[in-house]
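Hello,

Here is the structure we talked about passing on. Please open it alongside this email.

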Amino acid sequence: MPRELPNSQQLECAVLGAIMMWPDVMTACSDQDLQAEEFYLPQHRTLYQTMLDMADANQAIDQITVITRLKDQEQLDQAGGADYVVSLADTAISPAVVGMYITEIKNKAQLRRLIDTSEKIANDSYENSGDIDSVLDNAERAIMEVTRDRRGTEFESSKEIANRVIAELNELRNHKGVTGIQTGFTDLDRMTNGFQRGDLIILAARPAMGKSALALNFVNQVAKRNEGCVCLFSLEMPAEQLGMRLLSARSHVPGDNIKTGRLSNDEWNAVNEAAADLGKLPVYIDDTSMIKIPEIFSKCRRLQAEHGLNLVLIDYIQLI
């Protein structure tokens, strides 16, 4: 037996009735970005969209004007008829509580979108089971679209903005050290104030100039000095070789000695200590040689959700 989709028909009636009774209710609907498609019943969607259009045209909204507008647009039957529109006044609620009703209507609508998205994901999985990467990326993107908050930011006064800026400046002034992500390179951190979140940084140089070595040092230092994890996508070098380089950097044992296994007792102890330290760092390496951009997005989203992600390093970007 099919289950009924989540809905709040009584709340919808109460809000629609309140709009026709108190003009301020439409303002509350606009403030909470209530959309016509978020109503469950088709007649409610038609009725609310008509009210939205009237509000945009600065027209008065009450039972008579709404019925007249619906008649002019030949949509009165779609909205349930004149008697139904009039009856909504009996369900009207006080403007003081309308915000809670609007929130519940939006919540039910979001649940319906989630169910619809889940069904689309299931159908996509049946029809495109061969292209698993595409299916997974589309699924993650679709779920994120549902969970993303659609409401825009509110207006802020210049006083509020100025006070917040001053507070941030005071924090920066009293902050000891860099405000961004520490790289462990003192001069670089002093010039950049650390890597800033959202930055895209391209490390460029001629071949064999040490780009990968420098990048691995960033991985090592960022993981050690900052909360959150670091992920490295290596399209050219296998994870084991990267591990050897990281061990060499932490143990100060020459890389050639580690590659050949010709280690003195002191070097072996240093490498073991470095391996123990490296094992404690939140560093994640993916050495898939033919990785695609959607896969990178998917893996980064998971790390961000599970651990918090500070730095994403790709070596090297031309191979994507």
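Below are notes on the pocket and then on the salt bridges.

Please keep in mind that this is a predicted model.

**The largest pocket**

The largest pocket holds about 1,300 Å³ of space. Its lining is made up of 40 residues. To find the centre, look for Ile201, Val312, Leu313, Ile314 and Asp315, the lining residues closest to it. Three elements give two or more residues each to the lining: helix H10 (211-225), helix H14 (293-306) and strand E3 (309-315). Strand E3 has the largest share, with 7 residues. By type, the lining has 26 nonpolar residues, 7 polar and 7 charged.

**The salt bridges**

There are 8 salt bridges in the structure. Three of them are described here.

Start with Glu38 and Lys106. Their side chains form a salt bridge, at 3.0 Å from N to O. Glu38 sits in the loop between helix H2 (24-31) and helix H3 (42-56). Lys106 belongs to helix H6 (residues 98-127). The two are 68 residues apart, so this pair links distant parts of the chain. Are these residues buried or exposed? Glu38 is buried because its relative accessibility is 2%, under the 20% limit. Lys106, at 17%, is also under that limit, so it too counts as buried.

Next, Arg301 and Glu140. Their side chains meet in a salt bridge of 3.1 Å, N to O. Arg301 is in helix H14 and Glu140 is in helix H7 (residues 132-147), so the bridge ties together parts 161 residues apart in sequence. Arg301 has a relative accessibility of 24% and counts as partly exposed. Glu140 is partly exposed as well, at 21%. This pair does not stand alone: Asp137, Glu140, Arg141 and Arg301 are linked in a network of salt bridges.

Last, Lys299 and Asp286. Their closest N and O atoms are 2.3 Å apart. Lys299 lies in helix H14 and Asp286 in strand E2 (residues 283-286), so the bridge joins parts 13 residues apart in sequence. Which side of the 20% limit does each residue fall on? Lys299 is partly exposed, with a relative accessible area of 23%. Asp286 is buried, at 14%.

One element to look at twice is helix H14. It gives residues to the lining of the largest pocket. Arg301 and Lys299 also lie in this helix.

Best wishes

Technical notes
Residues numbered from 1 in each chain as written. Predicted model: local features only at pLDDT ≥ 70, side-chain atom pairs only at ≥ 80, totals over all residues. Heavy atoms only, no water. 1 Å grid on protein atoms, 1.4 Å probe; cavity = no way out; pocket = protein on both sides within 12 Å on 5 of 7 lines; lining within 4 Å. Points joined across faces, edges and corners; volume = space filled by probe spheres on them. Helix = DSSP H or I, 4+ residues; strand = E, 2+ residues; numbered from the N terminus. Nonpolar A, V, L, I, M, F, W, Y, C, P; charged D, E, K, R; others polar. Salt bridge = Lys/Arg side-chain N within 4 Å of Asp/Glu carboxyl O. Buried < 20%, exposed > 50% of the residue type's maximum accessible area, 1.4 Å probe, protein only.
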